[in-house]
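Q: Could you take a close look at the cysteines in this one for me? I'd like to know how they pair up and what surrounds them in terms of burial.

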Amino acid sequence: PPDGIHFKFLWGSWDLPDYYTFWGERGSKEGQFNIPAGITADSDGFVYVVDRDNNRVQKFDLDRYHQRMWGGGVASGTDTHELCAGFCRAGTYGDNDGQFDQPQGIAVDSSNYLYVVDTNNHRIQKFTSSGSYLMQWGGLGTTVGLFEYPNWIAVDNYDNVYVVDQGNYRIQKFDSSGAFISMWGWGVAGGSGLETCTSSCCPGISGSGAGQFESAQGIAANSGDLVFVADSTHNNIQVFDLDGNYQYAFGVIGDGEGQFNEPIGVAADNEGRIYVADKGNDRVQNLEADGTFLSQWGRTGSFPDEFDQPAGIAIDSNGYVLITEQLNQRVQEFRVTILTLSDPADPDAGVDPDIRFTGTTGSYKVTELDTNPGWRLKSIACETDQTGDDPVIESPVVYFNLDRDENITCTLSLIHISEP
């Protein structure tokens, strides 16, 4: 018999995830923002926010207190790259090393080096986690390694860097030192359809075909070696492999589950699920890699769990979801509740194992993750100890709502199947 069956519990539609904290307000001092954009978290738990119109990057510690910032003149107002921990100011815009002109995206690699998209300078700048300038690449143009208003960026499990070259309607791929590897988009090799290119490349052709871009935005690479690109004009997410081969797309315009209205930021968690900042709907959606809807939260407003133009999104090493809001000038952080439970009861003994837990306010879905070979979940039945909504059973999936401190008991029936 198996050691146990594992289940996951995910927040459901329009109910609060486990809200954790927020920080920020409009301004130019430490911890204040003027259009926060890209956000990322390193392996040590530090969070980095691109403060777009203040032309700087801010770093926050594990308790989300401001630690330092960097950009042109953030300490003294000069045009040179500076670090600042206190009594800081907005960065000066320009094109010197470590200076920015409306930066947008940010990503971190396995060594905690940071890559910042310096949009109006059409380049990528690389920094240490302490903000020291390392190098840059790019420039305005259409050939290999050049950009036209790049905006978002991602790093895969192999430290390859993917840049959304928005004005050229293509994605460019580099190694961690900025050496060009390849690009993809419609017509990038001189043809008329979706192509990949490694030399003598062209700007892409905009449009709505499979693998074609109109207004590409956020980008993320997941643990399954897939690359997800949001397009705010198409209102969808297009999916590619790491070489740029088109796989599939999901999403249409709307406010229903799995629909989008100007999606911007995209992030992937350790299990390959993706989170999308659905900017026009002022919400965040959580989906499986194939686009299957899992959960959503948010509505328009400025209270906790409300958004006003969510844009950047990241997942930290503890699974916390971090979201920048451009008009609320802040970062919100959520703990997405995922409980993995195991029951050691022996199905051969004729025992229907029970699972019990105390939930928090919200809407949950329970589904089977996996079982040991030879055993599968046959059915599941759940009931609560309080009045209210009864669980909806679509075996082997159960949806239910919990009030605070309400308990739910699930009874599982297992079935033995032949070994493969």
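A: Let's start with C84 and C88: both of them are buried. Keep in mind that this is a predicted model. A disulfide links C84 to C88, with the two sulfurs 2.1 Å apart. The angle about that S-S bond is -100°, which makes the C84 and C88 link left-handed.

The structure holds two disulfides, and C197 and C201 make up a pair as well, again with an S to S distance of 2.1 Å. For C197 and C201 the angle about the S-S bond is -100°, a left-handed link. Both C197 and C201 are buried.

Then there's C202. What keeps its sulfur from bonding to the closest cysteine sulfur? That closest sulfur belongs to C197 and sits 6.7 Å away, too far for a bond. A disulfide needs the sulfur atoms within 2.5 Å, so C202 doesn't pair with C197. As for burial, C202 comes out at 26% relative accessibility, so it counts as partly exposed.

For some context beyond the cysteines, here's the nonpolar packing. The largest nonpolar core has 16 residues, and the members touching the most others are Y162, I171, W184, F213, I219, V227 and V229. Strands β13 (161-165), β17 (216-221) and β18 (226-231) each put at least two residues into this core, with β17 giving the largest share, three residues. Separate from that is a second core of 13 residues, with L226, V239, F260 and V266 among them.

Methods:
Residues are numbered from 1 along each chain as its sequence is written. This is a predicted model: local features need pLDDT of at least 70, side-chain atom pairs count only at pLDDT 80 or more; totals for chains, interfaces and linings use all residues. Side-chain values use heavy atoms; hydrogens and water are left out. A nonpolar core is a set of buried Ala, Val, Leu, Ile, Met, Phe, Trp, Tyr and Cys residues joined through side-chain atoms within 4.5 Å. Buried means under 20% relative accessible area, exposed over 50%, partly exposed in between (1.4 Å probe, protein chains only). Helices (H or I, at least four residues) and strands (E, at least two) are DSSP runs, numbered from the N terminus.
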